[in-house]
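This briefing covers a single structure, with attention to charged pairs, strand pairing and one buried polar site. Please read it alongside the sequence and the coordinates displayed below.

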Amino acid sequence: IVTKEKAKNQILLRYKMLPYNYNLAFENNQNGTPLMRPLFFEEPNNLNLQTVSTSYLWGNNFLVNPITKPNVTSVSVYFPAKNNWIDFYTDQKHLAGTTKVVKVSPDNIPIFVRGGSFIPLITPIQNTAAYSLKNFDLHFYFDEKTKTSNGKLYNDDGVTPNAFEKQMSEILRFSSVITGKTLILKLDTTIGKLFEATDKTANLIIHNCKAKTILIDGKSVKFKTNKTVIEIPVVWLKNSSKEIKIQL
């Protein structure tokens, strides 16, 4: 029963990550960038990374260390130097360019998120036919080292071949800027001429951050805080942009 429950959680994670992975597939289609990337992609001049096979990047924003042997309780992980890295499960921060021994949980493999990343997730669904971005979670991993960052999310009807080339798709774009004690997040959309865009609700979840006040398009809003995680529902109307200004 315990094994089935752990397997079920990983299957649910697969469905939650559909937006991120769908966007990776789009990038692969457009640019040929692989979904799974060796660490020397990140630091091509670091000769030590050319033989590292114990961890890899999943897209640009995830660092994964698979466990391939039984009874492993800890692993040594190198954290690439451009950004700090945040544990996907605990939100513990690991400094850029360091190597650390990390404890291995029996519930999941070690996964870390690049500081400054936007990670879109959805509530688990029964099958891909139910996939929708009408309501989705947009996780932002705040990192004081990363002063600016960008992200995007490709979306289409999931059925039409070559939807991007036929202008039957949209790209949701995200950006962050840290200026002094202010974090500014912007959401915008590029919509194909033949794509039927819809209004969306983005549940913005900001990790490793504490806020004094938050403004959405200049208006003060209420927000939930759980330790160092902030949660703000953002109503995102089609053909519009949003600005979220967070006073740290």
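Seven salt bridges are counted in this predicted model, and three of them are described here with their positions along the chain. The briefing then turns to the strands that carry some of these residues, and to a loop site built around Thr146.

**Salt bridges**

- Lys6 and Asp107 meet through their side chains in a salt bridge, with an N to O distance of 3.8 Å.
- Because Lys6 belongs to helix H1 (residues 2-16) and Asp107 to the loop between strand S7 (99-103) and strand S8 (111-114), this pair ties together parts that are 101 residues apart in sequence.
- Lys6 counts as partly exposed, at 29% relative accessibility, and Asp107 also counts as partly exposed, at 46%.
- Lys200 pairs with Glu170 in a salt bridge whose closest N and O atoms are 2.8 Å apart.
- That pair links distant parts of the chain, with Lys200 in strand S14 (residues 200-207) and Glu170 in strand S12, 30 residues apart.
- Both partners, Lys200 and Glu170, are buried.
- Glu243 and Lys186 form a salt bridge in which the closest N and O atoms are 3.9 Å apart.
- Glu243 lies in strand S19 (residues 242-247) and Lys186 in strand S13, so parts that are 57 residues apart in sequence are tied together by the pair.
- The relative accessibility of Glu243 is 27%, which makes this residue partly exposed; Lys186 is partly exposed with a relative accessible area of 44%.
- As background, side chains of opposite charge can pair when their charged atoms come close.

**Strand S12 and its neighbours**

- Strand S12 (residues 169-179) is largely enclosed by the rest of the structure, because eight of its eleven residues are buried.
- Strand S11 (residues 148-156) runs antiparallel to S12, and nine bridges join the two.
- Within that pairing, Tyr154 stands opposite Ile171 of S12.
- S12 is also joined to strand S13 (residues 182-191), by ten bridges, and these two strands run antiparallel.
- Leu172 has Thr189 in S13 as its bridge partner.
- The hairpin of S12 and S13 has two residues between the strands, and Gly180 takes a positive phi near 60° in this hairpin.

**The five-stranded open sheet**

- Five strands make up an open sheet with mixed pairing, in the order S9-S10-S14-S18-S17.
- Its edge strands are S9 (118-121) and S17 (224-226), each of which pairs on one side only.
- From one strand to the next, the twist averages 25°.
- S17 and strand S18 (residues 229-236) run antiparallel and are joined by three bridges.
- Thr225 has Ile230 in S18 as its bridge partner.
- S14, a member of this sheet, is the strand in which Lys200 of the salt bridge with Glu170 is located.

**The buried site at Thr146 and Asn83**

- Thr146 is found in the loop between strand S10 (135-141) and S11, while Asn83 is placed in the loop between strand S4 (74-78) and strand S5 (85-87).
- With a relative accessible area of 9%, Thr146 falls under the 20% limit and is therefore buried.
- Asn83 is likewise buried, because its relative accessible area of 10% is under 20%.
- The two residues are 63 residues apart in sequence, yet their C-alpha atoms are 6.4 Å apart in space.
- The side chains of Asn83 and Thr146 are joined by a polar contact of 2.9 Å.
- A further polar contact, of 2.8 Å, joins the side chains of Thr146 and Asp143.
- The side chain of Thr146 also reaches the backbone oxygen of Gly115 at 3.4 Å.
- Leaving aside residues up to four places away in sequence, Thr146 touches Asn83, Gly115, Gly116 and Ile178.
- On the same basis, leaving aside residues up to four places away in sequence, Asn83 touches Ala96, Arg114, Gly115, Asp143, Lys145 and Thr146.
- Gly115 is thus listed among the contacts of Thr146 and among those of Asn83.

Notes:
Residues numbered from 1 in each chain as written. Predicted model: local features only at pLDDT ≥ 70, side-chain atom pairs only at ≥ 80, totals over all residues. Heavy atoms only, no water. Pairing = 2+ DSSP bridges. Helix = DSSP H or I, 4+ residues; strand = E, 2+ residues; numbered from the N terminus. Axes fitted to C-alpha atoms, helices over the stretch in contact; angles between N-to-C directions. Buried < 20%, exposed > 50% of the residue type's maximum accessible area, 1.4 Å probe, protein only. Polar contact = N/O pair within 3.5 Å; in protein donor to acceptor, adjacent residues only side chain to side chain. Contact = heavy atoms within 4.5 Å. Salt bridge = Lys/Arg side-chain N within 4 Å of Asp/Glu carboxyl O.
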